[in-house]
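Biologist: I am new to this structure and would be grateful for a close look at a single part of it, the packing of its interior. Please explain each term as you come to it.

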Amino acid sequence: MLEILEFLINKLEEHWIKVATAAVFMAAGWLIGKFRAQKNWEKREFYDRLNVSLNIMYEDKLLIRTLLEKRCRDIFLNGTAAERVIEAARKTTLENPILPLPKEDYWYYLNSVLNEISEKFAEGQMKRDLGIKVTCEQYLICLTSEADGSVRMRKIRAMVIKRSALTNLPEKCPGLSNAHHSTRWKTLQILAKQYEKQPEQFLLLEICQ
C-alpha cells in the first residue's frame, strides 16, 4: 500500500503542472457554461431546442399544438449540422423567420425533422400497407425562428401545416386562442409567400392515421 501511495505522489509531483492546468480549464469551462445558461434564461433564448409545431386552421381559428420537442443534436445527430442550424436561427429577422440555410442543404436538415415526425406516426403507414382504412393528408415542414418581440421564447421551430391550408390561407386573421399568436399568423403569411417563391425551403410529409 505504501509503495502505491509513494508511486502516486511521485507521479503527481512530476505532472502537477498538467493536472493543475487541466483543473483550471475544467473550472473555466463550467463557469462559462453556467454564465451562458444564465444569459440564455434571461433573454428567453433556447436555440439548442427544436420545437415541432403543428399549425391547425379549424373553424376559422388558428390552433397551435406541439408535436414534439428535442435537443437539436438529438434530431440532426451530427454536431456540425446542429451548430449550423443554431447559427442560422440567430440570423432570422422579423421580416423573414425562415432559417437562412444554403439552398442545397435544406433537404438534409428538413429530412431529419421529417424522420422524427414520421416515427411518431408510423402506425398509420403500417395500417395503410396492411389494407386497413386510414385517412392521409399532406403536410409541409419549414425550419423557422420567430424574431418578433411578442414571442415568449426564442427557439428553432419546425412549422408543420397542411399543404392545402398554407396555400389557401384566409385573407383576414382567424380567431386566436392567445393574443401573442398574432406572431404565428404573420409567420404563416410569410411562409405562404415563400412557398411559392422558394419551395426548396419546405419538405412535403404525408401523415396517415
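Modeller: Within the largest nonpolar core, which counts 49 residues, Leu50 and Val113 touch the most other members. A nonpolar core is a set of buried Ala, Val, Leu, Ile, Met, Phe, Trp, Tyr and Cys residues joined through side-chain atoms within 4.5 Å. Buried stands for under 20% relative accessible area, exposed for over 50%, and partly exposed for what lies in between (1.4 Å probe, protein chains only). This is a predicted model, in which local features need pLDDT (the predictor's confidence in each residue, from 0 to 100) of at least 70, side-chain atom pairs count only at pLDDT 80 or more, and totals for chains, interfaces and linings use all residues. Residues are numbered from 1 along each chain as its sequence is written, and side-chain values use heavy atoms, with hydrogens and water left out.

Leaving aside residues up to four places away in sequence, Leu50 touches Leu68, Glu69, Lys70, Cys72, Ile75, Phe76, Val113, Leu143, Ile156 and Ala158; contact here means heavy atoms within 4.5 Å.

Leu50 belongs to β1 (45–58), one of the elements against which the buried residues of helix α3 pack. The others are α2 (72–76), α4 (106–120) and β4 (154–162). Helices (H or I, at least four residues) and strands (E, at least two) are DSSP runs, numbered from the N terminus. In α3, which spans residues 79–89, the buried residues are Ala81, Ala82, Val85, Ile86, Ala88 and Ala89. They line one face of the helix, because they fall within an arc of 160° when seen down its axis; the arc is that of the directions from the helix axis to the C-beta atoms. In general, an α-helix has 3.6 residues a turn, so residues three or four places apart point the same way.

At the N-terminal end of α3, Asn78 acts as a cap, with a side-chain oxygen 2.8 Å from the backbone nitrogen of Thr80.

A further buried residue is Glu146, at a relative accessible area of 5%, in the loop between β3 (136–144) and β4. Its side chain makes polar contacts with the side chains of Arg184 (3.0 Å) and Thr187 (2.8 Å). A polar contact is a pair of N or O atoms within 3.5 Å; within protein, one must be able to donate a hydrogen and the other to accept it, and residues adjacent in sequence count only if both atoms are side-chain atoms.
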